[in-house]
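These are my notebook entries on one protein chain. I record here what I looked up and in which order.

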Amino acid sequence: GQAEHGPNSPAILLTNSEKLARDTMAEVERQLKKLPTAPIASRAWADYGQVIVADSYEEMVAIADEIASEHVQVMTKDPEYFLANMSNYGALFLGPRTNVSYGDKVIGTNHTLPTRKNARFTGGLWVGKFIKTCTYQRILTDEASVMIGEYCSRLCAIEGFAGHKEQADIRVRRYAKEEAS
């Protein structure tokens, strides 16, 4: 199903069962002979399809988080393990009663999910993405400005940002003097 989204859509099976890996590859080839979307799905499977066999759930989580898929269908005896331990995915579909198509079309919060490993740093589209967020900072004491300024000055020196360093140093000089008075 994932491969029919487009000719460059990744379709990946990550498993700890070599038998399941082989059976799935055979089933994909069988389905590609009958699906109306086979021209697109076949190209995606040939260029972006993968079957990866891992040794353990821990290794599977590490690989899955590196792949950072848009959709992740979890079909294991313990789907809760993956819910608790995975962090890089657009949407997680847990257990045999749930599937990606359900999430895409009926039960999901959305269908606009991060692709191409973008799930490493963002999630799916939701109303919060359309809300303007403004932040501000305020240091309330001279002592705090001096302490933060000293750390900031050192970081800026390490990074080679002399102008930023001077902004920090000015405040350290200014507020350290007032502190001493």
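**Entry 1. Overall fold.** I began with the terms: helices and strands are DSSP runs, a helix having at least four residues and a strand at least two, and they are numbered from the N terminus. The model I consulted is a predicted one. I found 7 helices and 4 strands in the protein chain. Read from the N terminus, the order of elements is β-α-α-β-α-β-α-β-α-α-α. The chain has 181 residues, of which 28% count as buried.

**Entry 2. Three loop positions.** I looked up proline 36 and located it in the loop between α1 (18-32) and α2 (38-48). Proline 36 counts as exposed because its relative accessibility is 77%, and the cut-off for exposed is over 50%. I also noted a separation of 9.6 Å between the C-alpha atoms of proline 36 and glutamate 4, which are 32 residues apart along the chain.

I turned next to alanine 68, in the loop between α3 (57-67) and β3 (71-74). Alanine 68 is not a glycine, yet I read a positive phi of about 55 degrees for this residue. Its relative accessible area is 2%, so alanine 68 is buried.

Asparagine 88 belongs to the loop between α4 (79-85) and β4 (91-94). Is asparagine 88 buried or exposed? I entered asparagine 88 as buried, because its relative accessibility is 15% and buried means under 20%. Its C-alpha atom is separated by 8.9 Å from that of glutamate 70, with their positions 18 residues apart along the chain.

**Entry 3. Salt bridges.** How many salt bridges does a search of the whole structure find? I recorded 5, and I examined some of them in detail.

In one, the side chains of arginine 22 and glutamate 18 meet at 2.9 Å, N to O. Arginine 22 and glutamate 18 are separated by about one helical turn, because they are 4 residues apart in helix α1. I listed arginine 22 as exposed at 52% relative accessibility, and glutamate 18 as partly exposed at 48%.

In another, aspartate 169 and lysine 165 form a salt bridge of 2.7 Å, N to O. Both residues lie in helix α7, 4 residues apart, or about one turn of the helix. Aspartate 169 is buried, with a relative accessible area of 14%, whereas lysine 165 is partly exposed at 27%.

I also noted the salt bridge of glutamate 166 with arginine 173, whose closest N and O atoms are 2.5 Å apart. Glutamate 166 is partly exposed at 34% relative accessibility, and arginine 173 is partly exposed at 42%.

**Entry 4. A pocket and a surface patch.** I looked up the second largest pocket and noted a volume of about 270 Å³. Which elements give two or more residues to its lining? They are α6 and α7 (162-180). Among the lining residues I found Ile139, Asp142, Ile148, His164, Arg171 and Tyr175. By class, the lining divides into 5 nonpolar, 5 polar and 2 charged residues.

Lastly, I looked up a nonpolar surface patch of about 410 Å², made by Ile139, Met147, Ile148 and Tyr151. Ile139 and Ile148 of this patch also appear in the lining of the second largest pocket. Methionine 147 is found in helix α6 (residues 142-159). I entered methionine 147 as partly exposed, because its relative accessibility is 47%.

Methods: Residues numbered from 1 in each chain as written. Predicted model: local features only at pLDDT ≥ 70, side-chain atom pairs only at ≥ 80, totals over all residues. Heavy atoms only, no water. Patch = residues over 30% accessible without salt bridge, like charges linked within 9 Å, V, L, I, M, F, W, Y side chains within 5 Å. Areas by Shrake-Rupley, 256 points an atom, 1.4 Å probe, with all protein chains shown as cover. Salt bridge = Lys/Arg side-chain N within 4 Å of Asp/Glu carboxyl O. Buried < 20%, exposed > 50% of the residue type's maximum accessible area, 1.4 Å probe, protein only. 1 Å grid on protein atoms, 1.4 Å probe; cavity = no way out; pocket = protein on both sides within 12 Å on 5 of 7 lines; lining within 4 Å. Points joined across faces, edges and corners; volume = space filled by probe spheres on them. Nonpolar A, V, L, I, M, F, W, Y, C, P; charged D, E, K, R; others polar.
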